[in-house]
Amino acid sequence: MKPHPLRMTRRTFAAGGLGAMSAAFLPRIGPHAVSAQESVDLNFHIWQYGVETVQDNIKRFEELYPGVKVSLSDVPWNSYHEETVNRLRSKTATDVIYNGGDWLEEFATAGWVVPLEDHFDWAKGYQDKVFAFAWQDMTFNDKVYGLPYYADTITFMYNEQLLKDAGIAAPPQTWEEVTEQSLALKAKGMEFPFLYVLAQDLPTVSEAFVSTVFGRGGELIDENNEPLWTDPNSPAAKQFKWFADARNVDKILTFVSNETDAVGAMSTGQHAFVVFYNYHLAELNDAARSDRAGQFKIALMPGETHECYGFAKFYNLTKMAADRGPEVVNAAGQFIQYFAGEIDGQYPIAKRWAVENGLGFGTKALFDDPDVRTAYSKWIDVDKWTEQLNLARAQRHTPWQGIWNEFFRLEHVKAVAGETSVEDALQAAADNWNELKKQFGG
Amino acid sequence: MQRATVARDRLPVEAGRRSQRYRPGVRGTGILMVLPVVLLVAVFTLYPFGQALYDSMRLTSPFFPARFVGLDNFRGVIGSTYFADAVRVTLTFTAIAVPATVVTSLLIALLLNERFVGNTALRAGMLLPWALPASITGIVWKWMFLDSWGAINVGLYELGVIDKYITWLTSPRLAMMAVVIAFVWAQTPLATALLLVAVQGVPQDLYAAASLDGAAATGRFRDITLPIIRPTLVIVALYQILMAFTTFDITYALTHGGPGTATTMLTYFTWAESFKMLDFGRGASLAILVALSSIVVIVVLLRAMPKDALLEEAR
């Protein structure tokens, strides 16, 4: 039988006693710190990335707060959306989750997650400390729902050595130049210079596509949630067509179905260009993982404006946790603060992710942290990255976007694979959008 | 030459006749002994089917209140272009994969029926793919077929067979071929084992007599082996049709139904509709359609076969 979260046992009493003693010497985080005498179970639901690091972070948290016990559940990134929806819908015990801007409106509209600022006075205080795009991604109906687990950009990367070998002096500035340079590389024997991470079940695809549309200065939807790609001259439609043509007309593009395969593929030297989560550049330039470490560089996202998609993945409090009472809410608040917040002027967990894994961060303070800059400079041109970071922006979201993304990716893959025309795919994506919009009353 | 089908063991029929003389008490004991299994089947088959049927006529989504929608879910999925694609892909896959599996299995069974050095080791090794879960099979073949660094491309390139890597998993037709190969690889062991038992059951004296009559190997296979193993062959083929028709794990792990919908079969479509589009009502209606289609396919095939194809053993 699962113990009641607030039931006191001899073991928890002893742990609580120790916790009480240690709490006197440790910094209190936030105004609602849980008394160490209370025993609270928290269920933390995440997608699989750096799970060992997460477990270690939990261990450190539990040492600091012996009255709080954290249970971790992790599911694959590819299936995170549907598994989380079903988990929350079925009321499987879940208190804190990873969330992203593309799912926030859906989860909030369904009443599964709650704004942080409704429960914690400190939440809004982070607004000035977090990058604007990250804050926007965590905000719905003018309320902030989380603090960043990480915040990053989706950027354009290239193999500098391969370009040099082909006599190409500088990376492409526009998508037309991407085609030109790819054709030049192809003429010199590289079969598919552009590698695309593309699969209908991979959430990454939607975000990567948006980032390339941003490079052209575009958006997917307008302020009234109307789709913009129905206009063939829109940046979104043009970019959609670019990917399909790159595969089927120019034959410069191939694709893999996940990021791990893409890192491996880029490391073979058979591809020169890729659009990725920025932190993958750390993997590409890691000598332990790639024979071509050091050859990969970041370039500004091709297009007229060079903007890119900046996003936040964040810790979100669930409605289930809120309903469990103030002790649980306070424990969850401590947990979120510890994992994402400021502790004595430091952001230890976010910094750890940045230094050890190259994950981006949402808090501005880490930008100037010497340890972070030293670590980053090993795998990225920090000045170029700063330039791209300043051009990052969040995208507009809707409550039905999570479901629509599933549909859109399928049409996207079909168009790139040559199974359907660009026009039909874009129309199907628009029809589905309008149907969902109607269903959701949007 | 004497046809093998002429010689038949009548024991099963006689046993059946004897069963009719069982006393009521014995019959009751038999029913009681079978009842738990029947109940288990009812609970784990009939109940889920009934629940799926119920869900298929309701709007069942995490985001909206559930309500009765009649046959709207069926109309929705059947009217979808994805449904037509999924039906086409499923039939294509079944039409290619089943004959490939049965023929491959039969050839291996015939080979293993011969005496040669290493036969025992080969039989044991042959079972390995069968021991692997289908999802692992999918992942293993994915590593084999990956465009940029898959073992097949690297091997062929190193051997000088190809001068550029083949886009196995990103070209619709090649992706289908990859799924077929993975399916055949996974299904062949069981089919081979069943067929090997059947082949081993062929009386050796028939072969000896046929050899004395001057029959060649192909003639012996056509006139002796094939007729005798035909019931097993039919069962294996029917089983493989069902397996192909309901294949999910391999496509999920190997291609995720892609690229696009190139390898999206009805089962994957059902899963995607339920767990990606989060429309459980439509997913349930698809599951019902798949189940009914499977029954129809089996019935049609059974009726299309010669009437004695499955009854050979019972003669």
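Q: What makes H13(B) count as mostly covered?
A: In this predicted model, 10 of the 11 residues of H13(B) are buried. A residue is buried if 20 or more other C-beta atoms lie within 10 Å of its own. The buried residues of H13(B) include B:Leu266, B:Tyr268, B:Phe269 and B:Trp271. B:Glu273 and B:Lys276 are buried too.

Q: What covers the buried residues of H13(B)?
A: The cover includes parts of both chains. From chain A come H3 and helix H17 (401–416). From chain B come helix H3 (72–79), helix H4 (81–112), H12 and helix H14 (280–304).

Q: What is found just after H13(B)?
A: B:Leu278 is there, and its phi is positive, about 55°.

Q: Which peptide bond is cis, and how do you know that?
A: The bond joining B:Gly258 and B:Pro259 is cis, with omega about 5°. B:Pro259 sits in the loop between helix H12 (249–254) and helix H13 (266–276) of chain B.

Q: Why is H9(B) called roughly antiparallel to H11(B)?
A: Take the angle first. The axes of helix H9 (residues 172–200) and helix H11 (residues 217–245) of chain B cross at roughly 155°. Angles over 145 degrees count as roughly antiparallel. Therefore H9(B) is roughly antiparallel to H11(B). The two axes come within 10 Å, and the crossing is right-handed.

Q: Which residues make the contact of H9(B) with H11(B)?
A: On H9(B), they include B:Phe183, B:Gln187, B:Leu194 and B:Leu195. On H11(B), they include B:Thr225, B:Ile229, B:Val236 and B:Met243. By class, the contact has 10 nonpolar, four polar and no charged residues.

Q: Why is H4(B) called oblique to H9(B)?
A: The axes of H4(B) and H9(B) cross at roughly 40°. Angles under 35 degrees count as roughly parallel, and 65 to 115 as roughly perpendicular. The angle of roughly 40° fits neither range, so H4(B) is oblique to H9(B). These axes come within 7 Å. The crossing is right-handed. By class, the contact has 19 nonpolar, six polar and no charged residues.

Q: What is the secondary structure of chain B?
A: Chain B has 14 helices and two strands. Of its 315 residues, 34% count as buried. Among contacts in chain B with a separation of 6 or more, 70% are between residues 24 or more positions apart.

Q: How many residues of chain B are in contact with chain A?
A: 22 residues of chain B are in contact with 25 residues of chain A. The side of chain B that touches chain A divides into 11 nonpolar, eight polar and three charged residues.

Q: Why does A:Lys91 count as exposed?
A: A:Lys91 has 12 C-beta neighbours inside 10 Å. A residue with 12 or fewer is exposed. A:Lys91 therefore counts as exposed. Its place is the loop between helix H3 (80–89) and strand S3 (96–100) of chain A. Its phi is near 60°, a positive value in a residue other than glycine.

Q: Why does A:Asp344 count as exposed?
A: A:Asp344 has 7 C-beta neighbours inside 10 Å. The cut-off for exposed is 12 or fewer, so A:Asp344 counts as exposed. It is found in the loop between helix H13 (326–340) and helix H14 (348–357) of chain A. Phi of A:Asp344 is near 50°, a positive value in a residue other than glycine.

Q: Why is A:Glu177 called partly exposed?
A: A:Glu177 has 14 other C-beta atoms within 10 Å. Exposed needs 12 or fewer, and buried needs 20 or more. The count of 14 lies in between, so A:Glu177 is partly exposed. This residue lies in helix H7 (residues 175–187) of chain A.

Q: How far apart are A:Glu177 and A:Pro302?
A: They are 125 residues apart in sequence and 8.3 Å apart in space, C-alpha to C-alpha. Leaving aside neighbours within four places in sequence, A:Glu177 is in contact with A:Pro172 and A:Pro302.

Q: Where does pLDDT stay under 50 in chain A?
A: It does so over residues 1–36. The model has 58 contacts beyond four places in sequence for that stretch. Where pLDDT is low, the predicted coordinates should not be read in detail. Chain A averages a pLDDT of 90, and 91% of the residues score at least 70.

Notes
Residues numbered from 1 in each chain as written. Chains lettered and ligands numbered in written order. Predicted model: local features only at pLDDT ≥ 70, side-chain atom pairs only at ≥ 80, totals over all residues. Contact = placed C-beta atoms within 7 Å. Nonpolar A, V, L, I, M, F, W, Y, C, P; charged D, E, K, R; others polar. Axes fitted to C-alpha atoms, helices over the stretch in contact; angles between N-to-C directions. Helix = DSSP H or I, 4+ residues; strand = E, 2+ residues; numbered from the N terminus. Left-handed = near helix turned anticlockwise from the far one by under 90°. pLDDT = per-residue confidence, 0-100.
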